[in-house]
Amino acid sequence: MGPVTGRVLRVNGPLVEVGGLAGIAMLDLVELGSERLPGEILAIRGDVATVQAYEYTGGLGAGAVARARGEPLSAPLGPHLLGGVFDGLLRPLAGAGRWLTPAGRRAGQGDRRRWWFTPAVAGGATVT
């Protein structure tokens, strides 16, 4: 299922109530407001979802657009993580000028490098 759009009903610190997100599921990723603040669905009651915002919600208010992405929060894993220090959304702490920019301004800047992997055992093998 692709993105679904709803509206913010209420903001209480990092908790945001959103209505009109049909077909959503627990733990789906949600983008809140024009800055596309990242959040995750924590509760669903009827047609109202409670979303935990992962960034400062100042300026976000009732009526703002909310988009359910139809996918859970995830992060790319690979050797580029070794030796790094990251926040809870896997944004590197070394580049504070970049990661403190609101989510909407970072769109399309993800790391899409490829890493080669050679498994040490055959598929279906029992390992301990």
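**View 1. Strands β2 and β5 pair in the antiparallel sense.** Five bridges join β2 to strand β5, which spans residues 48–53. This is a predicted model. One residue to find here is E17, whose bridge partner in β5 is T50. Strands of a sheet pair through backbone hydrogen bonds, either parallel or antiparallel.

**View 2. Six strands form a closed barrel.** The order runs β1-β2-β5-β4-β3-β6. Pairing is antiparallel. On average, neighbouring strands of this sheet are turned by 45° against each other, direction ignored.

**View 3. The largest nonpolar core has 17 residues.** V8, V16, V18, V30, L32, V51 and L60 have the most contacts inside this core. At least two core residues come from each of β1 (4–12), β2, β3 (28–32), β4 (37–45), β5 and β6 (65–72). Which strand supplies the largest share of this core? That strand is β5, with three residues.

**View 4. V8 is one of the core residues with the most contacts inside the core.** Leaving out residues up to four places away in sequence, V8 touches V16, E17 and V18. L32 and L60 are also among the contacts of V8. So are G61, A62, G63, A64 and A66.

**View 5. Confidence varies between elements of the chain.** Strand β2 (residues 15–19) has the highest mean pLDDT among the elements, 97. Helix α2 (residues 103–106) has the lowest, 50. The mean pLDDT of the chain is 83. A pLDDT of 70 or more is reached by 84% of the residues.

Technical notes. Residues numbered from 1 in each chain as written. Predicted model: local features only at pLDDT ≥ 70, side-chain atom pairs only at ≥ 80, totals over all residues. Heavy atoms only, no water. pLDDT = per-residue confidence, 0-100. Helix = DSSP H or I, 4+ residues; strand = E, 2+ residues; numbered from the N terminus. Pairing = 2+ DSSP bridges. Axes fitted to C-alpha atoms, helices over the stretch in contact; angles between N-to-C directions. Core = buried A, V, L, I, M, F, W, Y, C linked by side-chain atoms within 4.5 Å. Buried < 20%, exposed > 50% of the residue type's maximum accessible area, 1.4 Å probe, protein only. Contact = heavy atoms within 4.5 Å.
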